[in-house]
Amino acid sequence: MKPDQRSFRIMLAADRYVNPPPGGLDAVAVAEQTGWGVMQLPADDYPPEVAGPLLAEVAEQLEEFSRHGYAFVLVGERAGLPEALANVGVPLPDQISPGTPRQLADFLDGRPAPRAAWDAGSAAD
Amino acid sequence: MGVAFVAHCLLNQNSKVGDGAHCAGVYSPVIDVLREKGWRIEQMPCPELAFTGLNRFWAVKEQLDTAAYRRHCERLAEAVAAVISVRVTKGEDVVLVGVEGSPSMGVTVTSSDPLRGGRPEWPDGTAEHVSGEGIFVEEIHKALAKRGIGFPRVAGETHALAGHDEAAQRAGLESALEG
């Protein structure tokens with residue numbers, strides 16, 4: 001069996017970076033190249049009764065990652081996210097609204113190694 | 001083209017059970033096909049992550065199938081069904097991409113062993129994969145039925161199955177996308 005290959009690094013990404021409009025920035029492609037996982041935030045045009053439960057689930061899952069020392073960042077923004085994270089006691093992560101894939105990749109490359117990676121003895125870089 | 005509702009771990013392998021992450025983050029063999037075909041991506045929540053945690057053991061369906069886990073999956077399924085409903089109302093085509101062999105996310109293959117429990121030791125090669133849906137997918141089925149929405153076409157990531165073949169996995173996904 002191949003060893004577990006997770007990166008312990010997760011980007012919370014606004015929908016417009018996961019499903020970019022023509023000419024938009026594809027953060028999933030950057031995540032593939034840099035080895036980050038992606039947690040997608042609900043599209044901005046979803047009504048509150050649809051987006052609210054999704055944001056609550058994102059926050060609950062992020063809480064579990066946070067408890068275990070995974071690293072995360074926010075790409076873009078999403079109304080309601082700060083409140084959802086506050087409800088589970090997780091601070092809003094460092095954020096970027098990148099204009100180019102290079103800006104996003106540089107931002108990700110500059111992040112410190114996650115504590116979870118060190119705990120697992122597999123910290124990269 | 002349409003909207004593909006994908007298992008959480010296909011965009012984030014960090015959510016996998018220990019020793020289960022096939023790559024660092026994004027599972028490209030599935031996501032790249034969706035990109036090539038121009039499908040919108042909607043990531044579903046991982047039902048096991050928040051309920052049983054990152055340190056969970058590998059499990060078969062019977063071990064997870066408690067009333068409390070069902071309620072948890074039902075809550076998540078309602079959230080997913082609400083988004084599917086938005087998309088279906090817009091007239092968009094929908095597919096669901098799960099994880100074959102998963103006790104929660106299997107779409108045509110799940111895992112089953114009614115005798116498994118207690119000290120977590122069992123022989124390698126136990127034939128635990130059986131036809132059927134995982135628990136979360138079953139709950140999505142119910143949530144859509146309550147809304148009068150038909151269950152979408154499905155495809156599955158097959159990495160955990162014996163004889164996994166990436167070309168066959170891609171063909172299965174493309175077939176589901178083409179309808």
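Start by selecting helix H3 (residues 48-67) of chain A together with H4(B), residues 67-89 of chain B: their axes come within 9 Å and cross at roughly 140°. You are looking at a predicted model, so read each stop with that in mind. An angle over 145 degrees would count as roughly antiparallel, but H3(A) and H4(B) fall short of that and are therefore oblique to each other. Turn the view until one helix lies over the other, and you will find a left-handed crossing.

Now show the side chains at this crossing. From H3(A), pick A:Val50, A:Pro53, A:Leu54 and A:Glu57; they meet B:Leu76, B:Ala79, B:Ala82, B:Val83 and B:Val86 of H4(B). Coloured by character, this contact shows 8 nonpolar residues, no polar ones and 1 charged.

**The side of chain B that touches chain A**

Zoom out to take in both chains. Here 30 residues of chain B are in contact with 30 residues of chain A. On the chain B side, select helix H1 (28-37), strand E2 (40-43), helix H2 (47-52) and helix H4 (67-89), each of which supplies at least two residues. Which of these elements gives the most to the side of chain B that touches chain A? That is H4(B), with 5 residues. Taken together, the residues on this side of chain B comprise 17 nonpolar, 10 polar and 3 charged.

**The other partner of H4(B)**

Keep H4(B) selected and add helix H5 (residues 135-146) of chain B. The two helices pack with their axes 8 Å apart, at an angle of about 55°, which makes H4(B) oblique to H5(B). H4(B) passes H5(B) in a right-handed crossing.

For the contact itself, display these two groups:

- on H4(B): B:Tyr69, B:Arg70, B:Cys73, B:Glu74, B:Leu76, B:Ala77, B:Glu78, B:Val80, B:Ala81 and B:Ile84;
- on H5(B): B:Ile135, B:Phe136, B:Glu139, B:Ile140, B:Lys142, B:Ala143 and B:Leu144.

Sorted by type, the contact of H4(B) with H5(B) has 12 nonpolar residues, no polar ones and 5 charged. Notice B:Leu76: this residue takes part in the contact with H5(B) and also meets H3(A).

**Into the core**

In soluble globular proteins, nonpolar side chains tend to be buried together. To look at this here, select A:Met11, A:Ala13, A:Ala27, A:Val38, B:Phe5, B:Val80 and B:Val97, which touch the most other members of the 83-residue largest nonpolar core. H4(B) is the top contributor to this core, with 9 residues.

Centre on A:Val38 next. Leaving out residues up to four places away in sequence, A:Val38 touches A:Met11, A:Ala13, A:Val18, A:Val28 and A:Ala31 in chain A, and B:Leu11, B:Asn12, B:Gly25 and B:Val26 in chain B.

**Two positive phi angles**

Go to A:Phe8, in the segment before strand E1 (9-13) of chain A. A:Phe8 is not a glycine, yet has a positive phi of about 65°. Is A:Phe8 buried or exposed? A:Phe8 counts as buried because 28 C-beta neighbours lie inside 10 Å.

Then jump to B:Asp19, in the loop between strand E1 (2-6) and H1 of chain B. B:Asp19 is not a glycine either, and has a positive phi of about 70°. With 12 other C-beta atoms within 10 Å, B:Asp19 is exposed.

**Around B:Asn14**

Stay in the loop between E1 and H1 of chain B, where you will find B:Asn14. B:Asn14 counts as buried, with 30 C-beta neighbours inside 10 Å. Setting aside neighbours within four places in sequence, the contacts of B:Asn14 include A:Arg6, A:Ser7, A:Phe8 and A:Ile10, along with B:Ala21 and B:Gly25. Add B:Leu49 as well: the C-alpha atoms of B:Asn14 and B:Leu49 are separated by 9.8 Å, with their positions 35 residues apart along the chain.

**Last stop: H1(B) and H6(B)**

Finish with H1(B) and helix H6 (residues 166-178) of chain B, which pack at an angle of about 40° with their axes 10 Å apart. H1(B) and H6(B) are therefore oblique to each other, and their crossing is right-handed. Select B:Pro29, B:Val30, B:Val33 and B:Lys37 of H1(B), then B:Glu166, B:Gln169, B:Arg170, B:Leu173, B:Glu174 and B:Leu177 of H6(B), to see the contact. This contact divides into 5 nonpolar, 1 polar and 4 charged residues.

How values were computed. Residues numbered from 1 in each chain as written. Chains lettered and ligands numbered in written order. Predicted model: local features only at pLDDT ≥ 70, side-chain atom pairs only at ≥ 80, totals over all residues. Contact = placed C-beta atoms within 7 Å. Helix = DSSP H or I, 4+ residues; strand = E, 2+ residues; numbered from the N terminus. Nonpolar A, V, L, I, M, F, W, Y, C, P; charged D, E, K, R; others polar. Core = buried A, V, L, I, M, F, W, Y, C linked by C-beta atoms within 7 Å. Buried ≥ 20, exposed ≤ 12 C-beta atoms within 10 Å, placed from the backbone. Axes fitted to C-alpha atoms, helices over the stretch in contact; angles between N-to-C directions. Parallel < 35°, antiparallel > 145°, perpendicular 65-115°, else oblique. Left-handed = near helix turned anticlockwise from the far one by under 90°.
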